[in-house]
Amino acid sequence: MQRATLAQIAETAGVSVSTVSKVLNGRDDVSRDTRAKVDSALRRHRYVRRGASLDPAVRTVDLVMSGLDGSWPASVASGMEAAAYEARVHVSIHVARSARSAPHAAGGTAGQDWVDRVLERGSEGVVLGLVEPASGQLARLRQADVPCVVIDPLSDPPPDVVSVGTTNWAGAYEATSHLLQRGHRRIALVTGPPDHLYARARTAGYHSAMAAAGLGPAPELIRNGTYDRASGAEQVRALLALPEPPTALFICSDHMAIGGYEAVSEAGLRVPEDISVVGFDDLPEARWVSPALTTVRQPLKEMGGSALRTLVRLLNGDELETPRIELATTLVVRDSTAPLR
């Protein structure tokens, strides 16, 4: 395959050869619109940049995540890497940082955000994990012909943006029903920020299961946290301090549930003898704690693999059956729940 010349790239993009050179060298004195045109032309000609794969048949895509700490991103990245290996796709992984938070990020120039870096490296597509893309960022990706797939979007994505998630409503319904079947009626819900899409879905599933059991909403039993261990401990402490505390906790994150264990122990109570606990995610930590945590399994590796395979279909020009792909959740029953005493 003959390598395209800079002159051909410049002609396709409608810019000068020097402008193409500036984009290839990561110069920051090129407007975003012009950079997007050049990036689109580079992809059209399958131009191989410095540091990119020497095999023009191997595509390069980016996995952009909100952070790399913890089991959630590791599981998603593992699933995506396995699917990429089968599809002969090279994956680069990095954390989304704004120009304000990382003005001198390694490998980039001042003022870059994650879109700048994706386009500068010549990635052909991008998967976002717990990253909320702004409308301007999506517009720049569209202009550069870079398809995007979002894993677990925080809000409803635009109709033309493909997303991969799980059956959050069904998972929450099953978790709450599990506690109801064991005789619990004072079931508390600790979930995430109320503006997050999947937090709203889990809250709705909880309410539906309670309503099916003839139980009305108890606002004092619903708490919003931030999906981390400290937040879970804080919210459970507040619930246990109520005049009539709950007998069971449905905590919509394994990390928060582990924090909830700490609060239960501080109060001199035991799981599950005094209070039952159900989590959400089925991270490895759910099996390590004592007692082992009953939780709703999200197929995180499958989500990463599905996102990569869907992105490859978009790169191939395939028409998707739906812009929203939902994988099934499963309740994994372990030792943290028991019948109401």
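# Pocket lining, two sheets and a helix crossing

Student: What is the lining of the second largest pocket like by class?

Tutor: The lining of the second largest pocket has 10 nonpolar, 10 polar and 5 charged residues. Asp, Glu, Lys and Arg count as charged, Ala, Val, Leu, Ile, Met, Phe, Trp, Tyr, Cys and Pro as nonpolar, and the others, Gly among them, as polar. A pocket is an open set of points on a 1 Å grid over the protein atoms alone where a 1.4 Å probe fits, with protein on both sides within 12 Å along at least five of seven lines; lining residues have an atom within 4 Å of a point.

Student: What sort of model is this, and how are residues numbered?

Tutor: This is a predicted model, in which local features need pLDDT of at least 70 and side-chain atom pairs count only at pLDDT 80 or more, while totals for chains, interfaces and linings use all residues. Residues are numbered from 1 along each chain as its sequence is written, and side-chain values use heavy atoms, with hydrogens and water left out.

Student: Back to the second largest pocket: how much space lies in it?

Tutor: The second largest pocket holds about 460 Å³ (the space filled by probe spheres set on the points). It is lined by 25 residues, and W72, L130, Y198, Y227 and H255 are the closest to its centre.

Student: Which helix gives the most to that lining?

Tutor: Helix α4 gives the most, with 3 residues. Both α4 (71–87) and α8 (197–212) supply at least two residues of the lining. Helices (H or I, at least four residues) and strands (E, at least two) are DSSP runs numbered from the N terminus.

Student: L197 is in α8, then. What does L197 touch?

Tutor: Leaving aside residues up to four places away in sequence, L197 touches P153, L154, S155 and D156 (contact means heavy atoms within 4.5 Å). Between L197 and C148 there are 19 Å in space, C-alpha to C-alpha, and 49 residues in sequence.

Student: Changing topic: what is the strand order in the parallel sheet?

Tutor: That open sheet of 6 strands runs β2-β1-β3-β4-β5-β11 (strands pair if DSSP finds at least two bridges between them). At its edges, β2 (89–95) and β11 (324–327) each have a single partner strand, so one side of each lacks a neighbour in the sheet. The twist from one strand to the next averages 20°. β1 (residues 59–65) pairs with β2 over 7 bridges, and the bridge partner of V64 in β2 is H94.

Student: What about the sheet with mixed pairing?

Tutor: It is also an open sheet of 6 strands, ordered β7-β6-β8-β9-β10-β12. Its edge strands are β7 (222–224) and β12 (330–332); each has a single partner, so one side of each is left without a neighbour in the sheet. Helix α9 (residues 229–240) lies across β6, β7 and β8, at about 155° to β7 (axes are lines fitted to C-alpha atoms, for helices over the stretch in contact, and angles run from 0 to 180 degrees between N-to-C directions).

Student: And how do α3 and α5 cross?

Tutor: The axes of α3 (residues 32–44) and α5 (residues 114–121) come within 9 Å and cross at roughly 35°. The crossing is left-handed (the near helix is turned anticlockwise from the far one by less than a right angle). R32, R35, D39 and R43 of α3 meet D116, V118, L119 and E120 of α5. By class, this contact has 6 charged, 2 nonpolar and no polar residues.
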